[in-house]
Amino acid sequence: MTRPSHPRKELERVLRDAEAHGWQVTKSRKYFAMRCSCGRHKKWVHLTPSDPRYERNLRKWLERQPCWEQR
C-alpha cells in the first residue's frame, strides 16, 4: 500500500529521501511520522509548517542521526 504524498513538494522530497535511507514513513491526521530502521529515532513532519526554514532544519536533523547513513 502506498502512502499519500505531502502537499508541499519540498517536504515530499525529504520523505522520499528518508524512505530511500530505510526509514519508515506513515501518515497521521496532522503530520507524517518518520521512524528509523533501528527504532530509536522518530521525527514528525507537519503538514503546514510555519517556519520558512523547516525543510532545511529537517534535513540537517536527519543528517545528524547516526542511522541516516546506515542502510
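The following exercises, with worked solutions, concern strand pairing and one arginine in a predicted model.

**Exercise 1.** Determine how strand β1 and strand β2 run relative to each other, and how many bridges join them.

*Solution.* Begin by locating the strands: β1 covers residues 24–27 and β2 covers residues 31–35. The two strands run antiparallel, and 4 bridges join them. Next, consider an individual position: Lys27 stands opposite Phe32 in β2. Finally, examine the connection, which is a hairpin that leads from β1 to β2 through 3 residues.

**Exercise 2.** Describe the pairing of β2 with strand β3, and identify the residue with a positive phi in their hairpin.

*Solution.* Strand β3 comprises residues 42–46 and runs antiparallel to β2, to which 5 bridges join it. One of the paired positions involves Arg35, whose bridge partner in β3 is Lys42. The hairpin of β2 and β3 has 6 residues between the strands. Within this hairpin, Gly39 takes a positive phi near 85°.

**Exercise 3.** Establish whether Arg3 counts as buried or exposed, and state which side chains make polar contacts with its side chain.

*Solution.* First, place the residue: Arg3 lies in the segment before α1, the helix of residues 9–20. Second, apply the cut-off: buried means under 20% relative accessible area. Arg3 has 18% relative accessibility and therefore counts as buried. Third, inspect the polar contacts of the Arg3 side chain: one is with the side chain of Glu12 at 3.0 Å, and another is with the side chain of Glu19 at 2.8 Å. Lastly, list the residues in contact with Arg3, leaving aside its neighbours within four places in sequence: Glu12, Leu15, Arg16, Glu19, Val25 and Phe32.

Definitions and conventions. Residues numbered from 1 in each chain as written. Predicted model: local features only at pLDDT ≥ 70, side-chain atom pairs only at ≥ 80, totals over all residues. Heavy atoms only, no water. Pairing = 2+ DSSP bridges. Buried < 20%, exposed > 50% of the residue type's maximum accessible area, 1.4 Å probe, protein only. Polar contact = N/O pair within 3.5 Å; in protein donor to acceptor, adjacent residues only side chain to side chain. Contact = heavy atoms within 4.5 Å.
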